[in-house]
Amino acid sequence: MVQQISVKELFLKLKAGEPVYLLDVRTPAEHETAALPGSTLIPLSELTERADEVAPGEGALIVAYCHHGVRSLSAAAILEKLGHERVASLQGGIDAWSIHIDESVPRY
């Protein structure tokens, strides 16, 4: 079962300087509209073919995110099947981040 992380939990991890690898699995157009700083864009439709590009640092938690948290669940499941052990899906996606953490992130 795929682990999920709330936007508040993610915010606290980032604030504390914990190692987190942010993986945006939305489309390039969505990424241009709004993205979490420092995130890597690999659209879900390309993830299996580009999985070798997912390179979290030592001990980093991979946090996959999308618009509302649906595609990121699939992405996290794919990454787990490919052998990544520390993977989570961002509950509510970037939309929840905008609502609860940083309203300067555009909603769409």
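**Strands and cores in a predicted model**

Modeller: Welcome! In this predicted model, strand 2 and strand 4 run parallel and are joined by 5 bridges.

Colleague: Which residue in strand 4 does Asp24 stand opposite?

Modeller: Start from the pair we just met, strand 2 and strand 4, which run parallel. Look along strand 4 for the partner of Asp24: that residue is Tyr65.

Colleague: Through which helix does the chain cross from strand 4 to strand 5?

Modeller: Strand 4 also pairs with strand 5, in the parallel sense, over 3 bridges. Within this pairing, Ala64 stands opposite Ser89. The β-α-β crossover between the two strands is right-handed, and the chain makes it through helix 4.

Colleague: How many of the residues of strand 4 are buried?

Modeller: In a regular strand the side chains alternate between the two faces of the sheet. In strand 4, Leu61, Val63 and Tyr65 lie on one side, with Ile62 and Ala64 on the other, and both faces are covered. The number of buried residues is 5 of 5.

Colleague: Where is Ser98, and is this residue buried or exposed?

Modeller: You can find Ser98 in helix 5. Leaving aside neighbours within four places in sequence, Ser98 is in contact with Glu103, Val105, Pro106 and Arg107. The relative accessible area of Ser98 is 4%, and because buried means under 20%, Ser98 counts as buried.

Colleague: How many residues are in the largest nonpolar core?

Modeller: Ile5, Leu10, Leu22, Leu36, Val63 and Leu90 touch the most other members of this core. Helix 1, strand 2, strand 4, strand 5 and helix 5 each give two or more residues. The size of the core is 16 residues.

Definitions and conventions: Residues are numbered from 1 along each chain as its sequence is written. This is a predicted model: local features need pLDDT of at least 70, side-chain atom pairs count only at pLDDT 80 or more; totals for chains, interfaces and linings use all residues. Side-chain values use heavy atoms; hydrogens and water are left out. A nonpolar core is a set of buried Ala, Val, Leu, Ile, Met, Phe, Trp, Tyr and Cys residues joined through side-chain atoms within 4.5 Å. Buried means under 20% relative accessible area, exposed over 50%, partly exposed in between (1.4 Å probe, protein chains only). Helices (H or I, at least four residues) and strands (E, at least two) are DSSP runs, numbered from the N terminus. Contact means heavy atoms within 4.5 Å. Two strands pair if DSSP finds at least two bridges between them. A crossover is right-handed if, with the strands pointing away from the viewer, the path from the first strand over the helix to the second runs clockwise.
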